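Student: I would like to learn how to read a few features of a protein model. Could we take them in turn?

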Amino acid sequence: MTDIACMREAILIRRAEQKLLELFSFGKLNGTVHTCVGQEFSPVAFMRHIDADDYVVSNHRCHGHYIAYTKECKSLIGELMGKKTGACGGIGGSQHLCNRKFFSNGIQGGMVPIAAGFAMALKLNAAKNVVMAFIGDGTLGEGVLYETMNIAAKWRLPLLIVCENNYYAQSTKLADHLAGDILERARSFGLRTFQSDIWHLEQLFDNAKASVDYVRDASMPAFHLVDLYRLNPHSKGDDYRDASEVERYAAIDPIHVFRQEHPRVYRELVDDIDRHLDETIREAEAGGELSLSEYFSGEEEREARSDWTELSATGERQADRIHSFFEKEMKRNEKLLFIGEDVSFPYGGAFKVAKDLSEKYPGRVFSTPISEAAVTGISSGLAMAGYRPVLEIMFGDFITLCMDQIVNHASKFGYMFNGQTACPIVIRTPMGGGRGYGPTHSQTLDKLLLTVDNLKVVALNSFVDPGQIYRSVLDNEKQPVIVIENKLDYARPVAARPPIPFKSEQAVVNGYPIVRIRPVLSPPTATIVTYGGASHAVMDCIVPLFIEHDVKAEVLILSKLKPIDCDVIVRSAETTGNLYVVEEGSRHHGIGSEIIAAVSERTEQKIVVQRIASLPCPIPSNKNLEADILVNRTRIIETIGRKSQAAWRQRIPG
């Protein structure tokens, strides 16, 4: 058997989880509880080799890992009871824990690329530390795991993946959901592999040390398979396994064997542990809970507007200005990293924004495999570890492959870990049609991104220097930011002059510029709100609208799409009485709906409103069809002209 201290720690984990199940049955816990009863010696064996500066990343079955890492139960019990004393102030509950460099989340496989990001940060820092990522056998069905193993091997990251194989993915037998050999999967990526089980404890402890030492000394990834058996149901109930099978494994459970062989010592340990746990539970019950105001401070941004100033033209292409900004910023900030597919020299990314950055800043520009989910998670881990990764997703259509990492990880970390970490990842991606790329390379998916809470969405336009917007992103944001760049705008000169008799100017609102283009000689009669690449289609319309329909447009071009700064829009719409929103995507459930709703909530005045957008169908490659589908000059002029004439007729008596 192993030493008594390790046995005590394993029993502590088991008794803590049994106490949690009791509390749940009494209605004192919210949510769910995934216990690791029967698996306790796995975390005990591995955590004894973790240093203070090592990272540990866990999954939904994380209690044992957490207790073995922290050596205490107070913050775990407080967390599951929803108390301020909890690891995350009662926010995360059973699956979402954070303590120093311990992080867990309930999405299968989702934390593995985060762990690789931590490992990459350690490597960049030349630190002799490791990252340990715990997964279950069910995670072997998740593609992001293999994306991450491939990158970890190619980039030689100090990452140890510990796969706890309890033979069931929830209620499905391993043999029914897994093809091939587990270790061969890891070996196919060149990972060093280790194998142990909890029924041979001395070998488990020796192998755990050997695998951690290998990763630490070689600064290379490894995969350690630990066979074990979960004695309790997957969650709180509904155990469909054969009872005789569970009984067979219960009979050889190391804690059960110890209890049979050393009943007096076992009883003394349990009595001492229970006294401690009962006192911890009493203290937690007496503790307070976070109030709403302590957790959520509100989503509205107070307007902080500077004066309107005239726009100045640079004469340079937008893509060149983006490159110039990052070239200077990488020189200024050694923590800034540039990541994406084919971004290294000589290719420099699909739209050449990276150009020569890898030559000028070697070791800080990383060309990645085609693994959008993994590189998003890795970038998030880097951001949490203190770096400023700028991730390029080659086409905006591919952002869907990143969505689990954006929705269930990066956007949640700040809140669910109660402010103990920030994830200021910057994802930049080109969107929009007009280049004949067809249905999967031409979409504008901003509406998809606008639905994600705690995610800032920004759109470049060719009227404002992109460096000004990126300066705001890097200086001000501690949350994830997605920057949309229009493909056609890359080739356009920045801040082109508006047609006569209109003038262009900008104001900075809550850190981000809003462009205003308005008539010089008379007050405007219509407000047009737009953003990104659609702003050029709008600009092509303002003179024809004036000549053909006597519509004098005031155009507001937004750069920050979420949250929207509405005060400028409201003031303009109240003046003109007409509000048109022109957007790049299709109009249903999009940003136009959001702007109109937000304006309606803020004014008592009757305002004529209309959304103008692309048609709701896949974008064809055929040039003429594509032009007809996308929001365009003809549709804008016809819609605003028709609406303005109808409004004018309503104002004429009789």
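Tutor: We will go through ring pairs, charges over rings, the sheet, a surface patch and burial. Keep in mind that this is a predicted model.

Student: How is a pair of aromatic rings described?

Tutor: By two values, the distance of the centres and the angle of the planes. In this structure the count comes to 24 aromatic pairs. Take Y66 and F102: the ring centres are 5.4 Å apart and the planes stand at 85°, so the pair is edge-to-face.

Student: Which parts of the chain does the pair of Y66 and F102 tie together?

Tutor: Y66 belongs to helix α3 (residues 63-70) and F102 to strand β3 (residues 102-104), so the pair ties together parts that are 36 residues apart in sequence.

Student: Are Y66 and F102 buried or exposed?

Tutor: Both are buried.

Student: Which residues do ring pairs link into a cluster?

Tutor: Y55, F103, F118, F413 and F417 are linked in this way.

Student: Which residues lie over the face of Y214 and of Y347?

Tutor: R192 lies over the face of Y214, 4.8 Å from the ring centre. Over the face of Y347 lies K352, at 3.6 Å from the ring centre.

Student: Now the sheet. How do strands of a sheet pair?

Tutor: Through backbone hydrogen bonds, either parallel or antiparallel. Here seven strands form an open sheet, and the order is β2-β3-β1-β4-β5-β9-β8 with mixed pairing. At the edges are β2 (98-99) and β8 (192-197), each of which pairs on one side only.

Student: How many bridges join strand β4 to strand β5?

Tutor: Six bridges join β4 (residues 131-136) to β5 (residues 159-165), and the two strands run parallel. As for single residues, M132 has L160 in β5 as its bridge partner.

Student: Which residues form a nonpolar patch on the surface?

Tutor: L292, Y295 and F296 form the patch, and together they have about 310 Å² of accessible area. Y295 is located in helix α13 (residues 292-295). Its relative accessibility is 35%, so Y295 counts as partly exposed.

Student: Why does S379 count as buried?

Tutor: Because its relative accessibility is 0%, and buried means under 20%. S379 is located in helix α16 (residues 372-384).

Student: What separates the C-alpha atoms of S379 and F134?

Tutor: The two residues are 245 residues apart along the chain, and their C-alpha atoms are separated by 19 Å.

Key:
Residues are numbered from 1 along each chain as its sequence is written. This is a predicted model: local features need pLDDT of at least 70, side-chain atom pairs count only at pLDDT 80 or more; totals for chains, interfaces and linings use all residues. Side-chain values use heavy atoms; hydrogens and water are left out. Rings of Phe, Tyr and Trp (its six-membered ring) pair if their centres lie within 6.5 Å; planes under 30 degrees apart count as stacked, over 60 as edge-to-face and the rest as tilted. Helices (H or I, at least four residues) and strands (E, at least two) are DSSP runs, numbered from the N terminus. Buried means under 20% relative accessible area, exposed over 50%, partly exposed in between (1.4 Å probe, protein chains only). A charge sits over a ring if NZ of Lys or CZ of Arg is within 6 Å of the ring centre and within 35 degrees of the ring normal. Two strands pair if DSSP finds at least two bridges between them. Patches are made of residues with over 30% relative accessible area and no salt bridge: like charges are joined within 9 Å, nonpolar side chains (Val, Leu, Ile, Met, Phe, Trp, Tyr) within 5 Å. Accessible areas come from the Shrake-Rupley method with a 1.4 Å probe; for residues, only the protein chains shown count as cover. A salt bridge is a side-chain nitrogen of Lys or Arg within 4 Å of a carboxyl oxygen of Asp or Glu.
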